[in-house]
Structure formats: C-alpha cells, structure tokens
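Open the model in your viewer and keep the selection box handy. We'll hop from stop to stop, and at each one I'll tell you what to pick and what is there.

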Amino acid sequence: MKILSKSIIILFLMLTVAHLFAAKISVERIDPPFWWAGMKNNNLQLMVYGSNISDSKPTIDFKGIHLKEVIHVESHNYLFLNIVISEDAIPGTFDIDFKKCNKVAATYQYELKERNQNPNLHKGFDNSDVIYLLMPDRFSNGTPDNDDMPRMLEKANRSNPNGRHGGDIAGINSKLDYLNDLGVTAIWLNPLLENNMPAYSYHGYAVTDLYKIDSRYGTNDDFVKFVENAHSKGLKVIMDMIFNHLGTGYYWKDDLPMQDWYNQWPEFTRSNYRGGTVSDPYASEYDYNKMVKGWFDVTMADLNQDIEFMANFLIQNSIWWIEYSGLDGIRQDTYPYPYKDFMAKWMQRVLEEYPDFNVVGEAWLSQSPAVAYWLNNNTNKDGYKSHLTNVFDFPLMYAISKAFNEDEDWSTGTAQLYEVLSQDYVYSMPDNIVTFADNHDGDRFYTKIDEDINKFKLAMAFMMTTRGIPQIYYGTEILMTGEEHKGHGDIRKDFPGGWADDENNAFTSAGRSDEQNEAFNFLRRLLNWRKSNPAIQFGKLTHYIPENGVYVYFKNYNNSTVMVLLNNTSEIRKVDTKRFSESIGDNTKGRSVLTRQGWDNLDIIEVPAKSPMIIELSK
Ligand code: CA
C-alpha cells in the first residue's frame with residue numbers, strides 16, 4: 001500500500017512536470033514586427049508564433065489599441081490577433097501580455113511608430129523614368145565580410161555560375177553615381193529578402209523570411225539607408241516581391257499554422273506555367289487549378305491566398321516595406337499565379353494607403369490581349385478588374401528581339417514593332433506599360449542580336465523613344481552576353497569591376513573596351529537627353545507604316561515635336577518627309593539628339609545604314 005501510494009505520487013509529479021513543460025509558453029516572433037499610427041486602414045492582424053502560444057490569453061492595455069479578436073488555428077504555436085488602431089492612437093511602445101491562469105506567461109513589446117511625414121515619398125514611377133534592373137548578388141561586392149554568414153546555409157563560391165558571388169547593398173550603394181551618370185532614374189532590385197536555401201539562393205525568389213533582408217546583402221537598416229541614399233541622388237527604388245510562393249526553408253516549414261496554408265497536393269505537382277488559363281474563357285478547371293495551385297518549383301511552396309490569414313500576412317508585409325523603407329514602387333513576380341481576386345484586393349489596399357504608388361506586374365504572356373487583362377481599368381468580359389497600375393510588355397520584348405535581325409518586309413523587321421504597338425487599343429493605359437529588351441530570365445539582348453552594335457543602337461533608340469517606361473537589364477549598357485539554355489548563371493554574370501580582384505572595371509571608361517564605351521556613351525547620351533525631354537516622356541505617339549526599311553514616328557507634346565527614324569536596312573536611306581506633314585506641322589528645322597547634326601530644311605532626311613536618328617524639330 002505504502003509502495004503503491006509512493007508510486008502514485010511519483011507518477012503524479014511526473015505528469016505535472018510533463019504538463020508544465022509541455023505548456024511552457026513563449027513568443028518567438030510577431031509579424032509584422034512593428035506597425036505605424038495614423039495609417040488609413042486602421043486594422044492590423046498580428047501573427048504570433050511561439051511555443052504553445054495558443055494556450056494563452058493575450059491582453060493589451062494601451063490607449064487607442066483595441067484587441068478585437070483572438071483567433072486560434074490548427075497549430076498550437078500560433079495565434080492571430082485582430083487589432084483596431086484608433087485614429088487618435090499615439091505612437092509608442094506597449095506590452096502584449098500572454099496570460100495563463102491569470103498570470104503573465106510571456107510578454108512582447110510592440111511598437112507603434114510614427115509615420116514618415118516626407119511628402120515626396122511613395123510617389124511611384126512614370127514615363128519620365130528609366131528603370132535599371134540589377135541582381136544584387138551579381139552587381140558589386142562592397143563588403144566581402146558578409147559573403148558567408150553563420151546562419152546561412154549556402155556559402156559564397158564565385159566559381160559556381162549558380163552559386164552566391166557576394167554582391168551586396170554596400171556594393172550597390174557605391175555604384176549609384178555610375179547609375180546616375182548613365183542616366184537611369186529608378187532601380188529595380190531582384191529580391192533582397194532572406195533566402196536561406198541550400199542552393200540557388202542567389203536569385204532571391206525563394207524567400208525564407210519576408211521581414212528580413214538577407215544578411216549576406218546587409219541588414220534591414222542598411223536597406224532603409226540605401227533607399228534614402230538613392231533618393232538623395234534622385235534615384236527611385238523598386239522592390240521585387242513574390243506573393244505566389246515562398247522558399248520551402250521558411251521558419252514555419254515543419255509547423256504550418258494550418259494545413260492549407262500552402263496549396264497541398266497528394267504528390268509534388270508543378271504549375272503548368274500557362275498564365276493564359278486565368279483569363280481564358282474556355283479553360284478547364286483542371287488546367288486552371290494546376291496553373292494557380294501547382295508549385296512553381298520543388299523549392300518554392302505555393303501559397304494559399306484564399307486563406308484570409310495568408311492574404312493579410314502578404315498584404316501587410318508589402319505595406320510594411322513601403323512604409324518602413326520609403327519605396328517608390330514594387331515589381332510583383334509571377335502575377336497571374338496567385339489567386340487573382342486576392343491580387344486585386346492587395347492592389348486596392350496598397351493604393352488606399354499610397355494613391356500615387358506604382359506596381360508593375362510580371363504577366364509573362366506573349367500576346368497583348370493576355371497582358372492587357374491584368375492592367376487596371378481594362379474592361380474584361382469576365383468582370384475582372386485588377387487595379388494593377390503597370391505591366392511589362394512581353395509582346396514588344398519578343399518583337400524587339402526579332403525586328404533588327406530580320407530583313408524588312410510586310411510582316412518582318414520593324415513591321416513587328418509597328419504591329420505590336422498598333423494593338424495597343426487593348427490596353428486601358430498603354431503609357432503605363434514597362435518596355436524592355438531583356439531581363440534576368442532570358443537571353444541577354446546583345447546575344448539575341450548577334451553582338452551587333454548597330455542593332456543595339458537601333459533597339460535602344462526605339463525603346464527610349466516609343467511609348468511606355470523603359471527598363472534596362474544591368475550590363476546591357478556594356479554589351480554583356482549570355483544564353484539562358486546554358487543555365488541562368490550565364491545570363492546573370494557578375495558585373496565586371498564589382499569585385500576588388502576583377503581584371504577590368506567596366507564601371508569606368510578606362511575599364512571598358514572601345515565597343516563597350518561606344519554602347520555606354522550612346523545610351524548615356526540618349527538617357528540623359530530623355531531625362532529632360534517631356535515630348536519623349538509624355539508626348540502623343542504617331543507612327544507611320546515602315547517603308548523602304550525605315551520606320552518613322554513622332555512624339556508630340558504641347559508645341560514640342562520629336563521625330564524618330566529607324567533605318568533597319570544595310571543601305572543609306574533618303575527619306576522624303578512629305579507623308580509626315582501632319583506630324584511635322586509648321587516645323588522647318590531640326591537637330592539630331594545623337595550626332596548634334598542640324599537641318600534648315602526637313603524635306604529629305606538622310607539616315608545612315610542600320611542606324612537610328614532622333615531629331616528635335618523647331619520652327
Ligand atoms: Ca558581400
């Protein structure tokens with residue numbers, strides 16, 4: 001009897017200890033980690049992650065903060081708190097107490113910051129801008145000390161084309177004067193958020209912490225200072241975001257808040273990458289589901305934005321980065337892949353807080369109507385309204401890649417450019433389209449045009465003067481080459497001179513070859529002229545059917561007119577300007593932007609073989 005009671009006591013004690021141990025409550029993190037007073041939308045959803053946090057009762061006692069709802073989910077280690085921030089809430093720090101049995105078991109100090117009152121922030125980008133896309137790991141290594149970081153799985157290895165090479169924020173910061181000199185006005189950075197994946201982490205598209213800059217690039221604070229620095233030099237910053245997927249190495253990988261946090265399949269199922277199924281009136285459910293719910297890659301978990309918590313999580317994350325770092329714009333990856341109603345809701349929330357903000361969506365579709373489906377204000381037959389402010393012009397990119405390689409004929413050569421632009425009626429806002437010749441996902445432009453500098457000049461002159469907002473891929477200005485089929489590393493090579501031990505420093509004219517200088521100087525002149533020419537930026541485009549291998553168009557704005565002639569043949573062309581009289585108007589003189597040549601009579605313009613000519617007209 002005595003032995004039995006002793007055993008019972010021991011068992012009881014063991015169970016109590018086990019219970020206490022199991023019930024230990026802690027807070028590991030809260031997302032978003034802080035927020036702001038005075039936002040237009042006064043709702044905030046906090047995602048609390050910590051051991052057994054679901055067993056606790058959270059309380060907040062702070063003027064202006066109302067804990068409206070506490071939501072328990074499948075995993076015991078999460079709580080979602082719906083908070084309402086009143087208009088008179090003042091910035092400050094308050095405790096969120098997590099109580100068990102009326103005792104505080106854990107506390108988190110939450111900060112409500114004061115908003116940055118600078119009226120010049122969050123103004124977006126427009127036709128006055130030229131965007132420079134760069135891959136942070138491959139541009140410039142300002143701090144070799146951070147190439148390898150203790151917690152990060154992948155270490156730097158410059159000899160591996162698909163490995164990490166060490167580029168960082170400090171490096172980009174040190175090249176802002178180079179970018180200013182080139183004449184671009186905005187920088188789009190491939191993703192900088194933490195990608196703690198064992199391989200291929202350099203490209204940034206498998207994020208493992210949405211609230212943290214990858215330590216191999218720098219800190220969150222470094223990024224904020226970088227945006228400030230860029231702004232002080234007149235450069236805008238566009239952040240790359242991905243709402244379709246996250247890296248499978250995300251901290252919650254073994255403990256999802258709920259089973260359908262990700263789109264789950266019985267076995268790994270890849271997306272069919274057919275973005276068109278989302279707008280296709282005849283699409284089968286089978287194809288649509290595979291497109292939207294299939295995973296982008298084995299390392300990229302497909303997010304289920306149909307879940308309100310996931311939707312809020314992503315929406316708040318983007319607003320957090322805009323507010324925190326003073327962004328000018330966002331480039332949203334794989335735009336048709338997340339649920340489209342969620343994307344429209346997200347855009348509305350962003351524009352509610354920042355009415356002048358711009359988001360350019362990657363709707364990688366080859367036909368204009370398919371791209372136009374995603375642009376705001378488009379009248380879609382299925383009733384879908386995206387609220388997306390900008391799209392990339394993939395159809396024109398394909399045309400630019402072919403036009404200057406081809407002989408001129410009814411449907412080849414510059415007729416391809418003419419054809420694509422003539423279909424702009426499908427777009428509600430054609431000026432909001434971002435034009436480009438190459439980006440980080442395809443063959444480099446100089447490779448596509450057989451490394452021919454004349455074709456390069458024709459294409460760049462076209463891109464910088466036609467409608468839209470031009471985007472250049474880093475290194476295109478120094479004629480970098482690369483083929484996608486050799487692996488993505490080949491089209492994302494290091495910018496020469498970005499590393500201390502590089503043989504050539506192409507950031508300086510002395511480090512560039514004659515041909516590279518010819519390309520760089522051509523683009524620099526074009527871009528710096530474009531910066532201050534409202535006719536090219538905002539003018540009305542009128543183009544003429546290509547004739548004798550010459551494509552001619554005009555930009556007209558108030559009383560200012562620019563004439564562009566692209567001679568895509570291997571012979572000099574004498575262009576009779578009679579048929580352009582409606583565009584020339586009473587202008588009688590001209591001056592070439594590229595060569596400074598002048599004309600006192602515009603009747604016949606001679607255009608050298610395989611060359612562009614850009615002429616500012618005057619009376
Ligand atoms: Ca580095």
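Is I30 buried or exposed? Select I30 and check: its relative accessibility is 1%, so I30 counts as buried (buried means under 20% relative accessible area, exposed over 50%, partly exposed in between, with a 1.4 Å probe and protein chains only).

Before going on, some housekeeping. This is a predicted model, where local features need pLDDT of at least 70, side-chain atom pairs count only at pLDDT 80 or more, and totals for chains, interfaces and linings use all residues. Residues are numbered from 1 along each chain as its sequence is written, and side-chain values use heavy atoms, with hydrogens and water left out.

**Stop 1: around I30**

I30 sits in strand β1 (residues 29–31); helices (H or I, at least four residues) and strands (E, at least two) are DSSP runs, numbered from the N terminus. Show its surroundings and you'll find I30 touching L46, M47, V48, I96, F98, Y108 and Y110, leaving out residues up to four places away in sequence. Contact here means heavy atoms within 4.5 Å. Now click on D31 and P32: a cis peptide bond joins them, with omega about -5°. P32 itself belongs to the loop between β1 and β2 (34–36).

**Stop 2: S75**

Jump to the loop between β5 (65–72) and β6 (78–85), where S75 lies. This loop residue is buried, at a relative accessible area of 8%. Beyond its neighbours within four places in sequence, S75 contacts D255, L256 and P257.

**Stop 3: α4 and α6**

Next come the helix pairs. Two packed helices are described by the angle between their axes and the distance between the axes. Axes are lines fitted to C-alpha atoms, for helices over the stretch in contact, and angles run from 0 to 180 degrees between N-to-C directions.

Color helix α4 (residues 220–232) and helix α6 (residues 308–325): they pack at about 60°, with axes 9 Å apart. The pair is therefore oblique (angles under 35 degrees count as roughly parallel, over 145 as roughly antiparallel, 65 to 115 as roughly perpendicular and the rest as oblique). On the α4 side, pick N220, D221, F223, V224 and V227; on the α6 side, W320, W321, Y324 and S325. For a ruler check, the C-alpha atoms of V227 and I30 are 25 Å apart, with their positions 197 residues apart along the chain.

**Stop 4: S368, then α9 and α10**

Select S368 in helix α8 (residues 368–372). With 2% relative accessibility, S368 counts as buried. Its contacts, leaving aside neighbours within four places in sequence, are P395, V420, Q423, V426 and Y427.

P395 also takes part in the contact between α9 and α10, where P395, L396, A399, I400, K402 and A403 meet Q416, L417, V420 and L421. By class that contact has eight nonpolar, one polar and one charged residues (Ala, Val, Leu, Ile, Met, Phe, Trp, Tyr, Cys and Pro count as nonpolar, Asp, Glu, Lys and Arg as charged, and the others, Gly among them, as polar). The axes of α9 (residues 394–403) and α10 (residues 415–422) come within 8 Å and cross at roughly 165°. That makes α9 and α10 roughly antiparallel.

**Stop 5: α14 and its partners**

Select helix α14 (residues 514–531): its 18 residues reach 25 Å from first C-alpha to last, close to the 26 Å expected at 1.5 Å a residue (the expected span is 1.5 Å times one less than the number of residues). Buried residues in α14 include F520, F522, L523 and W529. The buried residues pack against α3 (176–182), α12 (453–465), β20 (469–473), α15 (534–538), β23 (560–567) and β28 (611–618).

Add α12 to the selection. α12 and α14 pack at about 15°, axes 11 Å apart, and are therefore roughly parallel. Among the residues meeting here are F456, M460 and M464 in α12 and F522, L526 and W529 in α14.

**Stop 6: backbone oddities and a strand**

E451, in the loop between α11 (445–448) and α12, has a positive phi of about 55° although it is not a glycine. E451 is partly exposed at 47%. N558, in the loop between β22 (550–557) and β23, has a positive phi too, near 50°, and is exposed at 65%.

Finish on I604 in strand β27 (residues 604–607). I604 is partly exposed at 43% and contacts K574, V575 and D576, not counting neighbours within four places in sequence.
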